[in-house]
Amino acid sequence: MSAPLPDTELEQLELDLFVQALKRRHGHDFSEYAPASLTRRVRQLVRDHRCNSISALTAQLLHEPDFVTQVVQGLSVPVSEMFRDPAVFRALREQVLPVLASYPQINIWQAGCAHGQEAYSLAILLEEEGLYERSHIFATDFNPDALQRAREGIYPAKDAQLWSRNYLEAGGSQSLASHYVARYDFIRLHDRLRRNITFAHHNLVADKVFCEAHLVLCRNVLIYFSNPLQNRTLKMFRDSLVRGGHLCLGLRETLDFAPVAVDFSAVDASLRLYRRSSQPASECHDEAS
Amino acid sequence: MKRPEAIAIGCSLGGFNALKLVLGALDPRLPQALLVCCHTAGKVDAVCESLARHSALPVIEAQERGLASGNTVHVAPGGYHLLLEHDRHFALSVDERVCFSRPSIDVLFGSAADAYHAALIGVVLTGANHDGANGLAQIRFRGGIAVVQTPTSAEAATMPQAALDTSGADYCLPLEQIAPLLNHLCLT
């Protein structure tokens with residue numbers, strides 16, 4: 001960070017060209033990401049790969065076929081924890097699961113699953129509430145490497161202490177340790193938690209609705225999107241949800257700038273827990289997209 | 001000199017008391033947006049509430065996608081980095097910690113420097129790590145003004161000292177002289 005920053009206008013131009021290259025050469029579209037975080041991450045990539053400029057990074061992206069994997073890695077956020085924000089998981093357990101229990105088959109879409117911590121947290125909730133047998137969790141991410149890590153379900157043992165605390169605060173009835181085996185410095189979640197999770201590649205920017213969901217969980221992903229992309233993604237969630245289906249967002253996310261918010265009503269606004277309204281209000285004003 | 005549009009303040013250990021003193025002595029007419037990153041454990045709404053009791057300006061938690069409005073103190077929420085977009089709206093991120101911190105002062109200062117350029121004042125107060133030093137350097141690089149609390153007057157000297165070592169400062173003052181300086185720079 002101590003290296004001097006390039007001239008702002010020049011950097012902006014380089015950044016635009018980088019985003020273009022990533023889109024046209026590799027099909028990854030970051031053009032509607034919120035600029036401040038994207039700029040920060042691209043600068044980080046420049047430093048990590050010891051490039052002199054964003055343009056040098058772009059050249060590598062264009063000419064070295066394998067480099068895109070590292071770029072995508074650098075531009076995605078695999079930071080998460082199990083039962084992060086325990087109050088949210090407590091509300092899911094106490095308020096949402098009893099509603100889901102009325103369906104013969106329960107579909108849950110967890111969008112932006114990173115290393116899988118939240119998908120497994122959901123599986124544990126469902127298992128403990130006796131609903132897992134008839135549930136299916138679709139955990140999706142656009143980062144193939146993160147998905148692979150998620151499938152493995154192996155995490156550093158040092159994280160388990162915080163996660164155990166989260167689990168208990170979220171109303172866990174056993175101990176988190178009953179859901180994993182610890183070996184050396186790692187924990188590995190039990191295979192029975194994996195049985196009804198499908199980890200699949202899905203890009204919120206480019207891909208469409210692929211399932212009918214009773215609950216969509218997408219926490220701290222939309223914070224990286226511009227307002228139009230946030231709204232478009234929320235529309236996709238609305239279209240994926242059954243009438244009355246639940247939507248769970250990150251604790252500091254806001255719907256204030258998303259016109260599609262009228263199609264959701266708050267179950268607990270402070271926990272960012274919503275339900276799709278029975279009557280779509282925004283339909284009549286909607287553009288075709 | 002370009003009239004400042006915003007003041008970004010970073011602090012850590014001892015920061016709450018320092019903020020009370022600085023915010024309490026600011027002129028209530030300040031038209032600038034104040035952006036505060038304080039490494040606090042726990043809920044920021046309680047911090048905002050108690051700071052508001054000492055401040056003539058309203059103190060609120062910075063809202064995702066919200067406008068960095070003037071004449072208001074916006075405090076970074078816990079667990080998220082707070083960034084400024086060029087259009088003066090806030091963005092949040094859960095990217096990795098910087099200097100073991102999220103929110104990180106470097107992240108706030110860096111993005112604010114990109115957004116406001118020379119129309120920004122960066123202030124580093126008391127703290128026990130190096131966060132803020134690189135961010136302050138970015139503010140200076142973009143032409144903004146750097147203010148650092150004199151390390152000897154700080155509850156924890158590490159943070160202001162690191163800022164001085166890395167970026168230097170346009171003003172290095174004891175805590176009680178910082179608010180009068182900000183009033184002077186922002187109102188005249």
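The following exercises, each with a worked solution, concern a predicted model that contains chain A and chain B.

**Exercise 1. Determine how many helices and strands chain A has, and decide why chain A may be called as compact as a globular protein of its length.**

Step 1. Count the elements: chain A has ten helices and ten strands.

Step 2. Obtain the expected radius of gyration. For 289 residues, the globule rule, 2.2 Å times the number of residues to the power 0.38, gives 19 Å.

Step 3. Compare this with the model. The radius of gyration of chain A is 20 Å, which is close to the expected value, so chain A is as compact as a globular protein of that length.

Step 4. Add the dimensions. Along the principal axes, the C-alpha atoms of chain A fill a box of roughly 60 × 55 × 30 Å.

Step 5. Consider the interior and the contacts. In chain A, 42% of the 289 residues count as buried. Among its contacts with a separation of 6 or more, 75% are between residues 24 or more positions apart.

**Exercise 2. Carry out the corresponding analysis for chain B, beginning with its helices and strands.**

Step 1. The elements of chain B are six helices and nine strands.

Step 2. A compact globule with 188 residues would have a radius of gyration near 16 Å, and the 14 Å of chain B agrees with this.

Step 3. The box filled by the C-alpha atoms of chain B is roughly 35 × 35 × 30 Å along the principal axes.

Step 4. Of the 188 residues in chain B, 57% count as buried. Residues 24 or more positions apart supply 70% of the chain B contacts with a separation of 6 or more.

**Exercise 3. State into which domains chain A is divided, and describe how they touch.**

Step 1. Locate the bounds: domain 1 of chain A covers 8-75, and domain 2 covers 86-285.

Step 2. Find the separation. The C-alpha centres of these two domains lie 29 Å apart.

Step 3. Examine the contact. Seven residues of domain 1 of chain A meet nine residues of domain 2 of chain A. The domain 1 side consists of three nonpolar, two polar and two charged residues.

**Exercise 4. Describe the open sheet of three strands in chain A, and identify the helix that packs on it.**

Step 1. Establish the order. The strands of chain A are arranged as β3-β5-β4, with antiparallel pairing.

Step 2. Identify the edges. Strands β3 (154-156) and β4 (180-183) of chain A each pair on one side only, and they are therefore the edge strands.

Step 3. Describe the twist, which averages 25° from one strand to the next.

Step 4. Add the helix. Helix α8 (residues 157-169) of chain A packs on the sheet and touches β3, β4 and β5 of chain A. The direction of α8 makes about 90° with that of β3(A).

Step 5. Inspect one pairing. Four bridges join β4(A) to the antiparallel strand β5 (residues 186-189) of chain A. Within this region, Val181(A) has Arg188(A) in β5(A) as its bridge partner.

**Exercise 5. Analyse the contact between chain A and chain B, and find which element of chain B gives the most residues to it.**

Step 1. Count both sides: 23 residues come from chain B and 22 residues from chain A.

Step 2. List the elements. On the side of chain B that touches chain A, those giving two or more residues are β5 (81-84), β6 (90-93), α3 (105-116) and α4 (133-141) of chain B.

Step 3. Select the main contributor. With four residues, α4(B) gives the most to this side.

Step 4. Sort by class. The chain B side comprises nine nonpolar, seven polar and seven charged residues.

Conventions:
Residues are numbered from 1 along each chain as its sequence is written. Chains are lettered from A and ligands numbered from 1 in the order in which they are written. This is a predicted model: local features need pLDDT of at least 70, side-chain atom pairs count only at pLDDT 80 or more; totals for chains, interfaces and linings use all residues. Two strands pair if DSSP finds at least two bridges between them. Axes are lines fitted to C-alpha atoms, for helices over the stretch in contact, and angles run from 0 to 180 degrees between N-to-C directions. Two residues are in contact if their C-beta atoms, placed from the backbone, lie within 7 Å. Ala, Val, Leu, Ile, Met, Phe, Trp, Tyr, Cys and Pro count as nonpolar, Asp, Glu, Lys and Arg as charged, and the others, Gly among them, as polar. A residue is buried if 20 or more other C-beta atoms lie within 10 Å of its own, exposed if 12 or fewer, and partly exposed in between; C-beta atoms are placed from the backbone. Domain bounds come from an automatic or database domain assignment.
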